[in-house]
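Work through these exercises with the sequence and the 3D view open. Try each task before reading its solution.

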Amino acid sequence: MDIVRNQRSSWKKRFLVSGCLLQLFCAYPSYAGFVNGGFESPYTPDNTSFSPITGWTQTGYHFPGTGPSLPTNISSIGLTVNATPISDIIIGTTQTLYDYFLFGANPTPTQTVPIIASQSAMINLRSIDTPLTKSGTGNPGSSWTKIAAQATALSQQVTIQPSDLDPTDGKYHIRFIAAPVVENPTHAANQQPFVAFQVNNITTGRTGTNPLFFQWNYGGQPGVPWSSLSAGAGTNPGSSTDYQYTVLQAFDIAPGNAFIHVGDTIELVALASGCSPGGHDGHMYLDGASTSIPYGLWVVANGPISSTPGNNVTYTYTYTNTSIGTINNVQVVANLPLPQTPATPTSTTYVSNTTPTVGTSPSCAGTGPVTCNMGTLTSGQSGTFQLTVNIPSAWATTVGPVNNGNYPISGTPVSGTLSPLLGPLVQTTLVAPSGLSNLVVNASGLPTTGTVGTPYTGTFTCANTPTSSATGDAPSATCDITNLPAGLSETGCTITPSGAWVEPTTIPSGQTVTCTVAGTPTTVGAPTSTVSSNATNNSNSTTNSTNVTISIASAQYTVTPGGDSNENISPSTPQTVNSGSTQNFTVTANTGYTLSSTVGGTCPAGSFSGSVYTTGAITSSCSVSFSASINQYTVTPGGDSHEAISPSTPQTVNYGGTQAFTVTANTGYTLSNTVGGTCPAGSWTGNQYTTGAITGSCSVSFSASINSYTLTPSGDGNETISPNTPQTVNYGGTQAFTVTPNAHYTLSNTVGGTCPAGSWTGNQYTTGAITGSCSVSFSASINQYTITPSGDGNETISPSTPQTVNYGGTQVFTITPNTGFTLSNTVSGTCPAGSWSGNQYTTGTITSSCSVRFGSLAMIPATLNGSAMFDPAVVCCGRPLLLGPLPIPGSGPTTYAVTASTGNVSCFIGTSGSQTYFKMDGSSGSCTIVGTKNGVSSAPFTVVTPF
């Protein structure tokens, strides 16, 4: 039991290997038509008795082994639906794993799986995870569940689409790859383990006992290229010494357009079974179900449907590299075809072959098998070669059909491994010479012209016309046509005089099959269609095929262009267009407009490539209508914050339009006429600015400069002003002046002029905020002092009150002594000494406030040497006494001198002109005066005050 578990673990691990060793399978496509045709959908079957495989129907059968030895369809095998289906998915790196029962064989099996990518279907065998079910009742291991005589089928139905047509031959294909693994217990043929494949056309009723295709291969069947294991080959429990397998087999079913049409529901059934006694296994692997060629290397042979013993038959082999990478050492080994039933001679004989048409070093060698080497094939390359063999004349028709199913293709990919692939089985029915027919095809009933969009109908015939050398019926004949123009198909056939006829059925001698071709052509062209009976047991093989060219012209329609006048359309006039074709229009939006990608009108929707619009396929007269919208741009206003802009937000403007902005300078600012930014230059109307014609998103930038005013200073000349010239001052600014009064002047705080009132800081005057040109006027007044007069009460002083005198001025006082008094010339006080003019006293130059004091004397005569003196010339107490020349002999001037004085008097001798005078002040005393002339002195005389 532990050994079984370990082997399970090892096998499971091998199945779960990840990675991509084979470039050509790493990115395989999703196959047309079939859902999960590559079996790559997620699948988790572990520990379940039945797990669905996405897209496929699984059916379990019991195989009773009661059918014919050579069944012609699944129905004839005699299966009954009464068993649980057994299927699984094998998972691993492409073509690196081996079948469970082949694992460990020596030599190493050439069959490797998964077939394509990382998963393949495994039919009639479950994974070894418990519970594992397999067909048969042998002794595969105690952990398996056994179901006797088990068969399992996978099936799926697809609907044929126009895209499924193979352009290389004009036919619809059903393609897949299979790999059978069966035991060969040498039971009767109808009881052996087997694999079978059937293709049904559900739509046309070609199903059940009359399928489109059926192939059945049993263990040990002749003509099948089985590989048998040597004794003790498989190392896993349940392996047998008699297991057989084939390398991967390609299946390519293309019965012709008479059998598969667009819209038909086609069903593929793949079936595997153990032996009917219930002790031996049969299963297979399936992958790549598609209507196109699966990825990798592919080979298919075409040969005659029937022939007679003794004839030569020619097979055409087509090989293709459908991978995405280069494959080196490509080789096809064409083994000679074998009979279905063992015969002598045992195979056909070699006649000739041609050289492969494509490859780096194409060549063929050998006469059976014929090995053809192509060298290197790059992705997408395809070529052909032919092999002609002779059917031995000793063969009876009952050994047929002749099976050509052993022609594997192999190669070495750039990386990874690639198993050989067997081409599809080609079978040629053997007929006796007496069974030859005379098949004649006729295509004269097919019109050789048609028009796209206009219904077409025609007929062709296949007639079996007896001749002296052709008396038999055509075996499995077809009456088919290939490579029809798109939209046309064969719609059915009748046989006269019998009536209805279903292919492939013999065409009795003397009867004619008439087939109808109908439909509505969809594509212009002139394909060459081939009408063929596909039967080669014809006494004249040149009459069973003919070609006819059906030229399909295009219907013509008018496509009328139009627009909204915002674009230029070329061509601008209605155009004549073939049906199914398209019409190009070059559409250029007018300057300042953008073309809309939406196209109106009634024509099928098309597409733009740059400025060129291409309509959809035209099927009727129609119109296209283009439109273009005017471009809109954003005009963004801005400024230097010294103005108000309205509108102030970005504005949307059509191409060629303008945008107006009302711009108001802030108080104290003046708007600039110069506008910055990227918009085209515009113009002003008052304070409204209008841009130039707009051709793109742009900006405008406004500015305003602050107002400047002239401030003119002035004064009255009694001060110094700095600055003393007119000054430029911005709106709202101030201006400072330093004002220095002249010496002995005092600055006035009162400032004249028109400027807003300001303020003083010391001798600096700062104006108020300036809002216009203005002036300031400064002034300074000369310093003034108070002169205070006073007296001794013996006089009248005029003016008698304190007087204000400017600096440097003088003050005049008129002094009038009272009666009996005489004015004293002596003036006291603090004022600078002045002078008398009569009784009018003028001060000295005034430099500060000061005082003057006047005095008067009583008029009492003085005595001169004892005699009273009333002479007005003599002044006592301040009045002058004139001194004349003394009567002294001699000549020269007389000089006087005071020789003595008493009391509080003062004596003074002065001169005035030619006179000498004497003055005396004081209230009591005397002065003695002596005159001298020529050295001679006079007698002294004394002046005595009266006090």
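**Exercise 1. Place N36 and judge its burial.**

Start with the cut-off: buried means under 20% relative accessible area. N36 has a relative accessible area of 13%, so N36 is buried. Next, find its place. N36 sits in the loop between α2 (23-26) and β1 (57-62). Now check the backbone. Its phi is near 55°, a positive value in a residue other than glycine. Keep in mind that this is a predicted model.

**Exercise 2. Do the same for N124.**

Locate it first: N124 lies in the loop between β3 (119-123) and β4 (132-135). Its phi is near 70°, again positive in a residue other than glycine. Then apply the cut-off. N124 has 0% relative accessibility, so N124 counts as buried.

**Exercise 3. Describe the overall fold in numbers.**

Count the elements: the protein has two helices and 88 strands. Turn to burial. Of the 947 residues, 45% are buried. Then take the contacts with a separation of 6 or more: 67% of them join residues 24 or more positions apart. Finish with the surface. About 39100 Å² is exposed, and carbon and sulfur atoms supply 50% of it.

**Exercise 4. Find the residues at the heart of the nonpolar packing.**

Begin with the general rule: in soluble globular proteins, nonpolar side chains tend to be buried together. Here the largest nonpolar core has 54 residues. I115, Y285, Y317, Y319, M374 and I409 touch the most other members. Strand β17 (residues 297-302) gives the most to this core, with five residues. Apart from this core lies another, of 31 residues, among them W56, L154, F251 and A289. Now zoom in on M374. Leaving out residues up to four places away in sequence, its contacts include Y319, V330, V332, P356, V358 and F385.

**Exercise 5. Characterise the second largest pocket.**

Take the volume first: the second largest pocket holds about 420 Å³ of space. Next, the lining. It has 18 residues, and Y172, V262, A486, G487 and L488 are the closest to the pocket's centre. The elements giving two or more residues to this lining are β7 (165-166) and β34 (488-496). Last, sort the lining by type: ten nonpolar, seven polar and one charged.

**Exercise 6. Locate two cis peptide bonds.**

Look at G368 to P369: this bond is cis, with omega near 5°. P369 lies in the loop between β23 (363-365) and β24 (370-377). Then look at S722 to P723. This bond is cis too, with omega near -5°. P723 lies in the loop between β61 (719-722) and β62 (727-730).

Methods
Residues are numbered from 1 along each chain as its sequence is written. This is a predicted model: local features need pLDDT of at least 70, side-chain atom pairs count only at pLDDT 80 or more; totals for chains, interfaces and linings use all residues. Side-chain values use heavy atoms; hydrogens and water are left out. Helices (H or I, at least four residues) and strands (E, at least two) are DSSP runs, numbered from the N terminus. Buried means under 20% relative accessible area, exposed over 50%, partly exposed in between (1.4 Å probe, protein chains only). Contact means heavy atoms within 4.5 Å. Accessible areas come from the Shrake-Rupley method with a 1.4 Å probe; for residues, only the protein chains shown count as cover. A nonpolar core is a set of buried Ala, Val, Leu, Ile, Met, Phe, Trp, Tyr and Cys residues joined through side-chain atoms within 4.5 Å. On a 1 Å grid over the protein atoms alone, a cavity is a set of points where a 1.4 Å probe fits but cannot get out, and a pocket is an open set with protein on both sides within 12 Å along at least five of seven lines; lining residues have an atom within 4 Å of a point. Grid points are joined across faces, edges and corners, and a volume is the space filled by probe spheres set on the points. Ala, Val, Leu, Ile, Met, Phe, Trp, Tyr, Cys and Pro count as nonpolar, Asp, Glu, Lys and Arg as charged, and the others, Gly among them, as polar.
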